[in-house]
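Me: Could you take a close look at one part of this protein for me, the nonpolar core and the aromatic residues around it? I'd like to know what sits there and what touches what.

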Amino acid sequence: MKRQLISLVGLLALSFNSVGEEDFSVNITVSGASPNQGSAILSLFESSSDHLRKPLMSLRQEVDENGKVQFQLSGMENHFYSVSVFYDKDGNGQLSTGFAGVPIEPIGFSNNAKGQSGPPSFNQAKFNPVLSRDLEIKLSSVLSET
């Protein structure tokens, strides 16, 4: 009986260990682009010190017939990340900005976070792939187009 209990405890410990080491995937749907025009560029960040400065990775996907873009991020660990995405309307591969560095292309962030007088902080945009397997990001323009 004692031996079976020890085996059961050992098995449970191994189970909990493997959950901690599991890789997670997140599906991200970005909406708000013009159908079949251009692409969206997504950047993934893993800390507040790297947020919007040094992406862990960047991906580019073409916009579909519904004005949406699908991204799948895999191999993620159990900690916080943030995502920024922009609609590359002019196809130059960079976020185009105007006066004072204000983006002129639509942008979005995980949690659909919005900053005050600038981009959202890492804490506003952070998510954990264990808790958030599907994210939806709505692109928006910082300035109204005239």
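Reply: Quick term first: a nonpolar core here is a set of buried Ala, Val, Leu, Ile, Met, Phe, Trp, Tyr and Cys residues joined through side-chain atoms within 4.5 Å. Bear in mind that this is a predicted model. Its mean pLDDT is 87, with 84% of residues at 70 or more, but residues 2-19 stay under 50, so I'll leave that stretch alone.

Now the core. The largest one has 20 residues, and the members that touch the most others are I28, V30, F71, V83, V85 and F127. Two or more residues each come from β1 (24-31), β2 (39-45), β4 (68-76), β5 (82-88) and β7 (134-138), and β4 chips in the most, with four. There's also a second, separate core of six residues, with I41, F86, A113 and A125 among them.

F127 deserves a longer look. Leaving aside residues up to four places away in sequence, its contacts are V26, L44, M76, H79, F80, Y81, S82, V83, S110, S132 and L135. One of those, Y81, is also its partner in the one aromatic pair of the structure. The ring centres are 6.2 Å apart and the planes sit at 35 degrees, so the pair counts as tilted. Y81 lies in the loop between β4 and β5, while F127 is in the loop between α2 (122-125) and β7, so the pair links parts of the chain 46 residues apart. Both Y81 and F127 are buried.

Right next door in sequence, K126 has its charged end over the ring of F80, 4.5 Å from the ring centre.

Methods: Residues are numbered from 1 along each chain as its sequence is written. This is a predicted model: local features need pLDDT of at least 70, side-chain atom pairs count only at pLDDT 80 or more; totals for chains, interfaces and linings use all residues. Side-chain values use heavy atoms; hydrogens and water are left out. pLDDT is the predictor's confidence in each residue, from 0 to 100. Contact means heavy atoms within 4.5 Å. Buried means under 20% relative accessible area, exposed over 50%, partly exposed in between (1.4 Å probe, protein chains only). Rings of Phe, Tyr and Trp (its six-membered ring) pair if their centres lie within 6.5 Å; planes under 30 degrees apart count as stacked, over 60 as edge-to-face and the rest as tilted. A charge sits over a ring if NZ of Lys or CZ of Arg is within 6 Å of the ring centre and within 35 degrees of the ring normal.
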